[in-house]
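Q: I'm new to this one and would like to learn how to read its features. Could we go through them together?

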Amino acid sequence: MNTLTVLASAAIGSTVYLTTLSTVKWLNQLNPRVKVPGLVVTGMVLCAAIGMIAFASQSVVLGFIVGAGLTPPAHRWILQRRKHVASS
């Protein structure tokens, strides 16, 4: 297993998570006629990305899972810290 491949895949997993989160937040602000098809397309793109990752080597899949798994708690921690610093 190549360590560099795992780290690169973790970065991709993190990027996919943050991009999907931003897209869904943006789509939730739109009217339902645009929101529902947008969410369907977002889901299809996410499934295609995960399918391509799963088709790759084992180290790529491991890195992608690590990146996507560690990003949500780190993102929440950064947002809470930013709010705490702003209120001080």
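Q: Let's start with V40. Which helix is V40 found in?
A: To place a residue, look for the helix whose residue range takes in its number. This is a predicted model, and in it V40 is found in helix α2, which covers residues 32-55.

Q: How do I read its exposure: is V40 buried, partly exposed or exposed?
A: Look at the relative accessibility: under 20% is buried, over 50% is exposed, and in between is partly exposed. V40 has 46%, so it counts as partly exposed.

Q: What about a patch: which residues make the nonpolar surface patch with V40?
A: V40 joins V36 and M44 there, and the patch comes to about 290 Å².

Q: T42 lies in helix α2 too. Is T42 buried or exposed?
A: Use that cut-off again: buried means under 20%. T42 has 15% relative accessibility, so it counts as buried.

Q: Which residues is T42 in contact with?
A: Set aside the neighbours within four places in sequence; T42 is then in contact with T20, T23, V24 and L27. Of these, L27 is one of the buried residues of α1, a list that also includes V6 and G13.

Q: How do I check the span of α1?
A: Work out the expected span and set it beside the model. The 26 residues of α1, at 1.5 Å a residue, should span 38 Å, and the end C-alpha atoms are 38 Å apart, so the two agree.

Q: And where is K25 found?
A: K25 is found in α1, residues 3-28. With 48% relative accessibility, K25 counts as partly exposed. Its C-alpha atom is 13 Å from that of V36, 11 residues apart along the chain.

Notes
Residues numbered from 1 in each chain as written. Predicted model: local features only at pLDDT ≥ 70, side-chain atom pairs only at ≥ 80, totals over all residues. Heavy atoms only, no water. Helix = DSSP H or I, 4+ residues; strand = E, 2+ residues; numbered from the N terminus. Buried < 20%, exposed > 50% of the residue type's maximum accessible area, 1.4 Å probe, protein only. Patch = residues over 30% accessible without salt bridge, like charges linked within 9 Å, V, L, I, M, F, W, Y side chains within 5 Å. Areas by Shrake-Rupley, 256 points an atom, 1.4 Å probe, with all protein chains shown as cover. Salt bridge = Lys/Arg side-chain N within 4 Å of Asp/Glu carboxyl O. Contact = heavy atoms within 4.5 Å. Expected span 1.5 Å × (residues − 1).
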